[in-house]
Amino acid sequence: MEVNLVDQDFYARRGAPHDQFRRLRANAPVFWHEGDAERGWPGFWAVTKHEDVVHVSRRSDLFSSYRRLALFNELPDEQVELQRLMLLNQDPPEHTRRRSLVNRGFTPRVIGRLEEHIRDICRQLIDEAEQLPEVDFVRDVAAPLPLYVICELLGAPVEDRDKIFEWSNRLIGSEDPDYAASPEEGQAAAMEVYAYADALAAARKEAGPRDDIVTKLLRPDDSGEVLGQDEFDLFVLLLIVAGNETTRNAASGGMLAMFEHPAQWARLVADPSLAARTADEIVRWVSPVNLFRRTATADTEIRGQKISEGDKVVVFYGSANRDEDVFDLPDVFDIARDPNPHIGFGGGGAHFCLGNHLAKLELKVLFEVLAERFPDIRQTGAATRLRSNFINGIKTLPVSLRP
């Protein structure tokens, strides 16, 4: 069986390789995938079934984010140590301690208070887009929404959203020539984010506390624990990427899915109360984060397949979210799907997405407002996709808001 699940050019042309995922789930759900010596990628175990992705996600003791980090690409040893300070690349108990510090800004109660503000942002963005001669759904709607919210969370000026957008593109698009010329430019963007985070922290200390996540993160918690400066910088980096890219690409991919399945769009227009379920189905269907990497900490097995200590193990959420054993008609886009046990925010365990409540709220409100204001929205040109095997991203989606 010829398999290549990490060909970035394939993702740019067609999106996730669902035909290959389907064959692997049926015939080799834990598959030894050849590496790429030229890219410095070792071979790895590709895990494609829902049950197994959940198992790997929940067993941080057996499948580590810390040993060789959580992203697919390999980094030089000198870069690994700094990246281990990022929440994404930690294992319990250290991950648990630091997550509890950060979680103060992302509780359902805190996020729930943002709903009307997010609705106002959506209306403003759509009002502005309506005045444009040509509308790109990504540039004019899907991308600005999470950027506005991130600025709100950070207590940053709204005018900073453009540079945050540019940093985010360079960080996740280092392999896409439209966003960055080289991986080095992605690293340069990271350094600019660190400097920005330092400036945010310094300004908050000088001007006094405010009602934003920066203030919450810089304060000691009830037990006196506090994030160090490097930890804070890396969290801001994670927020800028995770808080922007997932929502932006879920919204763009969700709108594209509506164009490809017009009966579902008509269903939402007729019954906006489906918006919350729509948000979950969009996350399942798009799976904006395609994969994460773990490293086996001991000899173990998945489905009888022996995995050795030190082996690279990669879980594919885009495949797990189409698993025939879990979802009825998994290749059907159904905005009323219930139940919908997708793992678009992770398979549970320590690394379940901290911002899942916020992402679902942004998607719910956006599609409610769109269905109300522009029931006749239509696609006017081909979508272009991000050259990335990590983020299932859309770069452009031309639309007309009116007939």
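# A tour from strand S9 to Asn-392

Select S9 and strand S12 (residues 398-400): these two pair in the antiparallel sense, over two bridges. Strands here are DSSP runs of E with at least two residues, helices are runs of H or I with at least four, and both are numbered from the N terminus. Two strands count as paired if DSSP finds at least two bridges between them.

The model is predicted: local features need pLDDT of at least 70, side-chain atom pairs count only at pLDDT 80 or more, and totals for chains, interfaces and linings use all residues. Residues are numbered from 1 along each chain as its sequence is written, and side-chain values use heavy atoms, with hydrogens and water left out.

**The three-stranded sheet.** Stay with S12 and pick Val-399, the bridge partner of Gln-379. Then add strand S4 to the selection. The three strands form an open sheet in the order S4-S12-S9, with antiparallel pairing. Strand S4 (135-136) and strand S9 (378-379) are its edge strands, each pairing on one side only.

**Pro-375.** Step back along the chain to Pro-375, in the loop between helix H17 (356-373) and S9. Is this proline buried or exposed? Neither: Pro-375 counts as partly exposed, because its relative accessibility is 33%. (Buried means under 20% relative accessible area, exposed over 50%, and partly exposed in between, with a 1.4 Å probe and protein chains only.) Show the contacts of Pro-375, leaving aside neighbours within four places in sequence, and Trp-265, Val-269 and Leu-370 appear. A contact here means heavy atoms within 4.5 Å. For a long view, put a distance label between Pro-375 and Leu-101: their C-alpha atoms are 42 Å apart in space, and the two residues are 274 apart in sequence.

**Strand S8.** Now select strand S8 (residues 312-316), where five of the five residues are buried. In a regular strand the side chains alternate between the two faces of the sheet. Turn on the side chains of S8: Lys-312, Val-314 and Phe-316 point one way, Val-313 and Val-315 the other. Which strands flank this part of the tour? Three bridges join S2 to S8, and these two run parallel. Ala-46 stands opposite Val-314 in S8. Strand S5 (residues 291-296) pairs with S8 in the antiparallel sense over five bridges; there, Thr-295 has Lys-312 as its bridge partner.

**Charges and rings.** Keep Lys-312 selected and show Phe-72. The charged end of Lys-312 sits over the ring of Phe-72, 3.9 Å from its centre. This label applies if NZ of Lys or CZ of Arg is within 6 Å of the ring centre and within 35 degrees of the ring normal. Another such case is Arg-284, over the face of Phe-327 at 5.3 Å from the ring centre.

From Phe-72, add Trp-41 and Phe-44: the three form one aromatic cluster. Rings of Phe, Tyr and Trp (its six-membered ring) pair if their centres lie within 6.5 Å; planes under 30 degrees apart count as stacked, over 60 as edge-to-face and the rest as tilted. The count by this rule is nine aromatic pairs. In one of them, the rings of Trp-41 and Phe-72 have centres 4.9 Å apart and planes at 80°, so the pair is edge-to-face. Trp-41 lies in the loop between strand S1 (30-33) and strand S2 (44-47), and Phe-72 in the loop between strand S3 (63-64) and helix H4 (77-83), so the pair ties together parts 31 residues apart in sequence. Trp-41 and Phe-72 are both buried.

**Cysteines.** How many disulfides does a search of the whole structure find? Zero, where a disulfide is a pair of cysteine sulfur atoms within 2.5 Å. Select Cys-151: the nearest cysteine sulfur is that of Cys-122, 15 Å away. Cys-151 counts as buried because its relative accessibility is 1%. For Cys-353 the nearest cysteine sulfur is also that of Cys-122, 18 Å away. Cys-353 is partly exposed, with a relative accessible area of 26%.

**Last stop: Asn-392.** Select Asn-392, in the loop between strand S10 (384-385) and strand S11 (394-396). Its relative accessible area is 13%, so Asn-392 is buried. Not counting residues up to four places away in sequence, Asn-392 touches Gly-15, Ala-16, Asn-249, Val-286, Ser-287, Pro-288 and Arg-385. Zoom in on Val-286: its backbone oxygen lies 2.6 Å from a polar atom of the Asn-392 side chain.

Notes:
A polar contact is a pair of N or O atoms within 3.5 Å; within protein, one must be able to donate a hydrogen and the other to accept it, and residues adjacent in sequence count only if both atoms are side-chain atoms.
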